[in-house]
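These are my notebook entries on one structure. I set down each item that I looked up, beginning with how the chains meet.

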Amino acid sequence: MSTHTKMAAERKGADGRTETDAAKGRRRSPTRVNPALYLFPLPAVAIIAFFLVMPTLQAFQYAITDWNGFSAAFNYVGLDNFVRAFTKDSLFTNALTNNLKFVLMVVIAQTAFSLVLALLLTKNSRGSILLRALFFFPTILSSVSVAFIWKFIYDPNFGLANAVLGGVGLEALQGSYLGNNAQALYWVAVTQVWFHAGQMMVVYIAGLQAIPRELYEAAEMDGAGKWQQFKSITWPFVAPATSIVVAYTTVQSFKAFDLILGIAGNPPKQSLDILSTRIYSTFANSEFGYAAAQSIIFMAMIALVTWLQRRLLRLTPKGE
Amino acid sequence: MLASLSRRAILGIYAVIIIVPLTVVGFGSFKSTQELFAGPFSLPQSLSPANYAEVIGGQDLGSSFTNSVIVTAISVPLTLFLASLAGYAISRLKGFMAWAIFGFLVLGMAIPAQANMVPLYVLFGRLGLLDSLAGLVLANVVSTLPIAVFILGGFMRTLPKELYEASSIDGTGPWRTYVSIALPLSAPSVAAAAIFLFVIHWNELLYPLLFIQSPGNRTLPLALLSFQGEFQTNYPLLFAGVILASLPVVVAYVFLQRYFVAGITAGASKG
């Protein structure tokens, strides 16, 4: 956001300068652009155009066909695939509902929890630095590894969670976790938070450490309590960090594909099926046209949720 | 008093929730299934590397380790090279062109991999890139180039323009300036981006799952995933696989911890 504004400002500045440069005789300017510079971004631009932008545009074309990916023949079927997804395909609407639930749970839990951790670990004491490193650690593991670790934790017969509960005499709380269709998604959300809360904690710590200490001292002299201080100093100051955390967590949890496949197997059972795994199953089933349509819905969904968050949260600090 | 007590409680409990599973995985990778189920927390009876031997020898995990090393070792520097070239040009070009190139490259961050996987699969099929490590490298580069340009380009814009002007007065061409001025000065952001890319490319699962067919071309995450299908509840074997797959990243993390945090949060806060 801010970079764009910055770029726009610089652009204006550069345009302005170009005029004065021209007036002074542009050729003599030592800062004139060497045409060879245009060759530098060329490989990156070509790769992105050919392997990212073009396929994305093509997805829109495939989405209105019934192509199976192999035969030469296919029909344009208009918006049939989209109609089918929303009205005739309970597997898709199930995955969509699961995905929205999952994103909502993870965003709320992860944002709150990473902020709590950050608040508790702001000070640069030796203990804090050590704990920060520990809490951040799961982020560097592969999703498949994290999935296996938690599959073992949740294992109803031999798992760690039930072993711990049994060990402290809480057999009544033992469960079958992923085996319980009503709860399975919650437990994967817990795993996702364990996986990435440390990463978001670090984003928050950076935000918290930018708050001038004097503000708290002044507030304390005015007799403001801890909650008052949090509400009127900390929270407004970490608003930008919060919008980063919320936006990033949203995209991350929409793409929890690897974690779901690792923890639930391929293909996952219905209670754990989300949009990305559903698209993959449709694709693996050779319904290329339909999978492309689903992936466009997926992309639109991410854009919509991100836009809604920006509208609803308006988490930019005052005066910006 | 109470506040400091609950602070310690929260931090302590969460530390346990992170340490205990990792320890159990570490111990478990040396146990037999019976031994693991009898007591997940106990120390292993012996440090026999039988599980590791079975994972490496029995399955195709050994070759997948090599494949992962090859793919990551090419993908990371290649992405950095292309992104830094673009970032450098953007920081030196002026006006609309700089803005347009930057915007075009960075726009890709908004496209999730699942959104274009079908056409990419078809395209790779036509180009003969399916089931090849070269295809994986290309897919890695494409998917991370936008954010790498964002991180490196963003940093290079902050370098003082005077340095470039001075070198161009000295008659140095853009390539020399890139190699001897822009790149060395950008070392901190290059290092941060390198670690960010290393974690992503090393752990990448979707592209191998989409493109790789023959077991000999699998990368580690994919081999692990198919491994799980075959050995449903042989947790000790899975654990040995998890540790082998995580080892390079974990070792690097222990030594370069500070840079990991900088790199991955640069990815997070600018994504």
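**Entry 1: the interface**

I began with the contact between the two chains and found 87 residues of chain A in contact with 91 residues of chain B. I note at the outset that the model is predicted. I then looked up the buried area: chain A and chain B bury about 8400 Å² between them. Carbon and sulfur atoms give 79% of that area. I use this quantity because the size of an interface is often given as the accessible area lost when the parts come together.

Next I asked which three residues supply the most of the area that chain A buries against chain B. They are Phe40(A), Phe51(A) and Phe148(A), which supply 9% of it.

I checked the interface for charge pairing and recorded zero salt bridges between chain A and chain B. For polar contacts, I recorded nine residue pairs across the interface, with both residues at pLDDT 80 or more. On the side of chain A that touches chain B, helix α2 (residues 42–62) of chain A gives the most, with 16 residues. I sorted that side by class and obtained 65 nonpolar, 14 polar and eight charged residues.

**Entry 2: salt bridges in the whole structure**

I extended the search to the whole structure and found two salt bridges over all chains. I followed up one of them: the side chains of Glu287(A) and Arg84(A) meet at 3.0 Å, N to O. Glu287(A) lies in the loop between α12 (275–284) and α13 (288–313) of chain A, and Arg84(A) lies in helix α3 (residues 80–88) of chain A, so this pair ties together parts that are 203 residues apart in sequence.

**Entry 3: backbone details in chain A**

I looked in the loop between α12 and α13 of chain A for Ser286(A). Ser286(A) has a positive phi of about 65°, although it is not a glycine.

I also recorded a cis peptide bond, which joins Asn266(A) and Pro267(A), with omega at about -5°. Pro267(A) is found in the loop between α11 (257–264) and α12 of chain A.

**Entry 4: the fold of chain B**

I looked up the secondary structure of chain B and counted 13 helices and zero strands. I then took the extent of the chain along the principal axes: the C-alpha atoms of chain B fill a box of roughly 75 × 65 × 30 Å.

**Entry 5: cavities**

I turned to enclosed space. Rolling a probe the size of a water molecule over the atoms shows where empty space is left. How many cavities of 30 Å³ or more are there? I counted two.

The largest cavity holds about 70 Å³ of space. I listed its lining, which includes Ser68(B), Val71(B), Thr72(B), His201(B), Trp202(B) and Glu204(B). Two or more lining residues come from each of α4 (61–92), α7 (133–156), α10 (187–203) and α11 (206–211) of chain B. The largest share, three residues, comes from α4(B). By class I recorded six nonpolar, five polar and one charged residues in this lining.

The second largest cavity holds about 40 Å³. I found Ser142(A) and Ser145(A) in its lining, together with Trp202(B), Asn203(B), Leu220(B), Pro221(B), Leu224(B), Ala245(B) and Ser246(B). The elements that give two or more residues here are α10, α12 (220–230) and α13 (235–270) of chain B. α12(B) gives the most, with three residues. I sorted this lining into five nonpolar, four polar and no charged residues.

**Entry 6: an open pocket**

Last, I looked up the second largest pocket, which holds about 940 Å³ of space. Which of the 23 lining residues are closest to its centre? I noted Leu119(A), Leu120(A), Thr122(A), Lys123(A) and Lys226(A).

I then asked which elements each supply at least two residues of the lining of this pocket. They are α4 (90–120), α9 (213–221) and α10 (226–254) of chain A, together with α1 (2–28) of chain B. The classes in this lining come to ten nonpolar, seven polar and six charged residues.

Technical notes. Residues are numbered from 1 along each chain as its sequence is written. Chains are lettered from A and ligands numbered from 1 in the order in which they are written. Side-chain values use heavy atoms; hydrogens and water are left out. On a 1 Å grid over the protein atoms alone, a cavity is a set of points where a 1.4 Å probe fits but cannot get out, and a pocket is an open set with protein on both sides within 12 Å along at least five of seven lines; lining residues have an atom within 4 Å of a point. Grid points are joined across faces, edges and corners, and a volume is the space filled by probe spheres set on the points. Helices (H or I, at least four residues) and strands (E, at least two) are DSSP runs, numbered from the N terminus. Ala, Val, Leu, Ile, Met, Phe, Trp, Tyr, Cys and Pro count as nonpolar, Asp, Glu, Lys and Arg as charged, and the others, Gly among them, as polar. Contact means heavy atoms within 4.5 Å. Buried area is the accessible area (1.4 Å probe) that two parts lose on being put together, summed over both. A salt bridge is a side-chain nitrogen of Lys or Arg within 4 Å of a carboxyl oxygen of Asp or Glu. A polar contact is a pair of N or O atoms within 3.5 Å; within protein, one must be able to donate a hydrogen and the other to accept it, and residues adjacent in sequence count only if both atoms are side-chain atoms.
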